[in-house]
Amino acid sequence: MPDRNLSSDPLVRSNRLAARYPAASVPAISSITFAVEAGQRVALLGPNGGGKSTLFRVLTGELAPSSGELEISVARPALVPQSEQSRLDYPVSALDVALMGSVSRLPWWRRPSRADRVLARESLRRVGLESEANTSFGELSGGQRQRVLVARALVQDSPLLLLDEPFAGIDLPSAALLAELFNELASEGRGLLMATHDVEQARSWDLVLCCNRVQIAFGDPATVLTREVIERTYGASLVALPGDRSLAITPPHHHDHFEADR
Ligand SMILES: Nc1ncnc2c1ncn2[C@@H]1O[C@H](COP(=O)(O)OP(=O)(O)OP(=O)(O)O)[C@@H](O)[C@H]1O
Ligand SMILES: [Mg+2]
């Protein structure tokens with residue numbers, strides 16, 4: 001794995017990237033210019049509907065760019081999708097779900113091998129769920145399910161991890177474990193792009209990309225996260241606290257997603 005301090009070609013780089021859904025008349029995202037290098041943790045901030053998940057769809061190839069440039073030097077970025085709280089009856093074990101990560105790497109005729117099973121168990125261990133390998137996915141708590149989905153992404157063994165609000169609605173121990181794991185993954189040389197609604201968390205990451213349908217800013221959080229940028233990023237979702245000069249963001253609403261699993 002490359003050292004995170006060595007500068008290298010980015011895993012992903014875009015220039016004035018835009019994307020539009022087929023039935024829509026205007027792009028869902030535009031003017032997106034950013035890069036993620038090996039070992040970098042990049043936080044993606046934006047309001048509900050700001051285009052965070054849309055950017056992930058473009059990066060996984062689900063949605064084609066409508067203009068601009070996109071270079072991805074990674075065969076398949078691994079995605080941890082925005083959580084699907086409604087799907088409680090997954091008739092498979094935690095190990096089965098983790099093992100699904102190997103399917104994206106394999107040619108269609110190959111079944112997961114013994115080595116894939118070893119990697120799936122190792123990934124469950126890294127998310128602290130080794131002892132739950134045989135538990136049915138639907139019986140796990142929301143935070144545990146989210147950790148299994150992170151294990152599935154680790155089994156994909158991609159240098160680029162796309163994390164769509166991995167901390168949304170999860171318990172504190174799960175959040176603490178994932179926060180530490182994400183730092184570890186970056187220090188091993190993986191690039192991480194994580195959508196979050198937590199501005200304070202973004203301040204502790206290497207870079208921040210602010211997006212409210214159009215890109216507002218990209219760069220070092222200490223320079224980028226000014227009051228003005230936060231106001232433009234959150235727009236109408238931002239409320240001033242009475243008697244206080246600091247800003248509060250109205251809690252994001254979390255909706256159920258019924259997307260096909262990928
Ligand atoms: N499948 C779709 N077809 C058409 N428009 C869509 C589709 N999915 C999302 N959109 C629109 O694209 C815009 C960006 O949505 P997106 O889901 O990317 O936002 P987000 O930043 O991920 O929001 P959230 O914080 O709620 O997850 C919204 O206006 C949304 O209505
Ligand atoms: Mg989203």
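Me: What makes the pairing between the side chain of R213 and ligand 1 a polar contact?
Reply: In this predicted model, an N or O atom in the side chain of R213 is 3.1 Å from an oxygen atom of ligand 1. A polar contact is a pair of N or O atoms within 3.5 Å; within protein, one must be able to donate a hydrogen and the other to accept it, and residues adjacent in sequence count only if both atoms are side-chain atoms. The R213 pair therefore qualifies. The protein covers 68% of the 630 Å² of accessible area that ligand 1 has on its own (Shrake-Rupley method, 1.4 Å probe; for residues, only the protein chains shown count as cover).

Me: On what basis are the values selected and the labels assigned?
Reply: Local features need pLDDT of at least 70 and side-chain atom pairs count only at pLDDT 80 or more, whereas totals for chains, interfaces and linings use all residues. Residues are numbered from 1 along each chain as its sequence is written, chains are lettered from A and ligands numbered from 1 in the order in which they are written, and side-chain values use heavy atoms, with hydrogens and water left out.

Me: Which other atoms are paired with an oxygen atom of ligand 1?
Reply: An N or O atom in the side chain of K52 is 2.8 Å from an oxygen atom of ligand 1, and a backbone N or O atom of S53 lies 2.9 Å from one.

Me: Why are S53 and Q82 called donors of the magnesium ion (ligand 2)?
Reply: S53 (OG) and Q82 (OE1) lie 2.1 to 2.2 Å from the magnesium ion. Donors are N, O and S atoms within 2.8 Å of the metal (3.2 Å for Na, K and Ca), so both atoms meet the criterion; water is not among the atoms, so sites may look incomplete. S53 belongs to helix 1 (residues 52–60) and Q82 to the loop between strand 5 (78–80) and helix 2 (94–103), 29 residues apart. Helices (H or I, at least four residues) and strands (E, at least two) are DSSP runs, numbered from the N terminus.

Me: Why is E165 classed as buried or exposed?
Reply: E165 has 5% relative accessibility. Buried means under 20% relative accessible area, exposed over 50%, and partly exposed in between (1.4 Å probe, protein chains only); E165 is therefore buried. E165 lies in the loop between strand 6 (160–164) and helix 5 (172–187).

Me: Why is R213 assigned to its accessibility class?
Reply: R213 has a relative accessible area of 38%, so it is partly exposed. R213 is found in the loop between strand 8 (207–212) and strand 9 (214–219).

Me: What makes the phi of R213 notable?
Reply: Most residues other than glycine have a negative phi. The phi of R213 is near 70°, a positive value, and that of E165 is positive too, near 55°.

Me: Why is E180 classed as buried or exposed?
Reply: E180 is at 53% relative accessibility and therefore counts as exposed. Its place is in helix 5.

Me: How do you know that helix 2 is mostly covered?
Reply: Seven of its ten residues are buried, including A94, L95 and V97. The buried residues of helix 2 pack against helix 3 (114–126) and helix 4 (142–156), where contact means heavy atoms within 4.5 Å.
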